[in-house]
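User: Please walk me through this model, feature by feature. I would like the rule for each term and then the case at hand.

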Amino acid sequence: MIKIFGIKNCDTMKKAFNWCDANGISYEFHDYKKQGVPRDELLKWCRSLGWQALMNTKGPTWRKLTPEQQAITTQGQAVALMMEHSSVIRRPVTENDAGQLLVGFDPTTFDSFVR
């Protein structure tokens with residue numbers, strides 16, 4: 001079983017859920033909005049993927065941030081921002097049975113990652 005982290009109403013998340021359902025892939029969903037994102041989880045993701053890969057700089061939440069909030073130069077600043085504004089985390093973040101992480105959804109990449 002894979003674990004998918006994200007926001008339920010996100011269009012990209014819906015694509016990932018639909019793909020899993022259509023392909024018989026079992027998953028556990030962790031909703032950033034309702035459950036938050038534990039700091040230790042964010043740190044693990046940053047170590048594995050790099051904080052830059054996790055930042056959603058194209059979404060409306062990012063655009064609403066002040067220039068000072070957007071001026072991130074360290075992992076510590078990025079983690080603090082992601083904890084305060086979970087919508088700036090790219091979606092989905094998927095963890096497979098081997099503990100590997102994938103950010104975003106592309107059907108071909110997703111298929112090889114979860115099988």
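**Reading the sheet**

Analyst: Start with one pair of residues: Phe 5 stands opposite His 30 in S2. The model is predicted, so local features need pLDDT of at least 70 and side-chain atom pairs count only at pLDDT 80 or more, while totals for chains, interfaces and linings use all residues. Numbering runs from 1 along each chain as its sequence is written, and side-chain values use heavy atoms, with hydrogens and water left out.

User: What do S and H labels stand for, and in what order do the strands form the sheet?

Analyst: Strands (E, at least two residues) and helices (H or I, at least four) are DSSP runs, numbered from the N terminus. Two strands pair if DSSP finds at least two bridges between them. Here 4 strands make an open sheet with mixed pairing, in the order S2-S1-S3-S4. S2 and strand S4 (101-103) each have a single partner strand, so they stand at the edges with one side left without a neighbour in the sheet. On average, neighbouring strands are turned by 20° against each other, direction ignored.

User: In which sense does S1 pair with S2, and in which sense with S3?

Analyst: S1 and S2 pair in the parallel sense, over 5 bridges. Within that pairing Gly 6 stands opposite Asp 31 of S2. S1 and S3, by contrast, are antiparallel and share 3 bridges. On that side Ile 4 is opposite Thr 94 in S3.

User: How many residues of S1 are buried?

Analyst: The rule uses relative accessible area: buried is under 20%, exposed is over 50%, and partly exposed lies in between (1.4 Å probe, protein chains only). In S1, 4 of 5 residues are buried, and the strand is mostly covered.

**Helices on the sheet**

User: Which strands does helix H1 lie across, and which does H3 touch?

Analyst: Contact means heavy atoms within 4.5 Å. Angles run from 0 to 180 degrees between N-to-C directions, with axes being lines fitted to C-alpha atoms, for helices over the stretch in contact. Helix H1 (residues 11-22) lies across S1 and S2 and runs at about 160° to S1. H3 packs on the sheet and touches S1, S3 and S4, its direction making about 85° with that of S4.

User: What handedness does the unit of S1, H1 and S2 have?

Analyst: A crossover is right-handed if, with the strands pointing away from the viewer, the path from the first strand over the helix to the second runs clockwise. S1, H1 and S2 make a right-handed β-α-β unit.

**Charged pairs and cysteines**

User: How many salt bridges does the rule count?

Analyst: A salt bridge is a side-chain nitrogen of Lys or Arg within 4 Å of a carboxyl oxygen of Asp or Glu. The count is 4 salt bridges. One of them joins the side chains of Glu 28 and Lys 3, at 3.6 Å from N to O. Glu 28 is in strand S2 (residues 27-31) and Lys 3 in strand S1 (residues 2-6), so this pair links distant parts of the chain, 25 residues apart. Glu 28 is partly exposed at 40% relative accessibility, and Lys 3 is partly exposed at 25%.

User: Which residue does Glu 95 meet in a salt bridge?

Analyst: Glu 95 meets Lys 44, at 3.3 Å from N to O. Glu 95 lies in strand S3 (residues 93-95) and Lys 44 in helix H3 (residues 39-49), so the bridge ties together parts that are 51 residues apart in sequence. Glu 95 counts as buried at 16% relative accessibility, whereas Lys 44 is partly exposed at 30%. Another salt bridge is that of Arg 115 with Asp 111, whose closest N and O atoms are 2.4 Å apart. Arg 115 is exposed at 56%, and Asp 111 is partly exposed at 27%. Salt bridges that share partners also join Glu 41, Lys 44 and Glu 95 into one network.

User: Where does Glu 41 lie, and is Glu 41 buried or exposed?

Analyst: Glu 41 lies in helix H3 and is buried, with a relative accessible area of 16%. Leaving aside neighbours within four places in sequence, Glu 41 is in contact with Phe 5 and Glu 95.

User: How many disulfides are counted?

Analyst: A disulfide is a covalent bond between the sulfur atoms of two cysteines; the rule asks for sulfur atoms within 2.5 Å. The count here is 0 disulfides. Cys 20 is in none, and the nearest cysteine sulfur, that of Cys 10, is 14 Å away. Cys 20 is buried, at 0% relative accessible area. For Cys 46 the closest cysteine sulfur is also in Cys 10, at 19 Å, too far for a bond. Cys 46 is buried at 4%.
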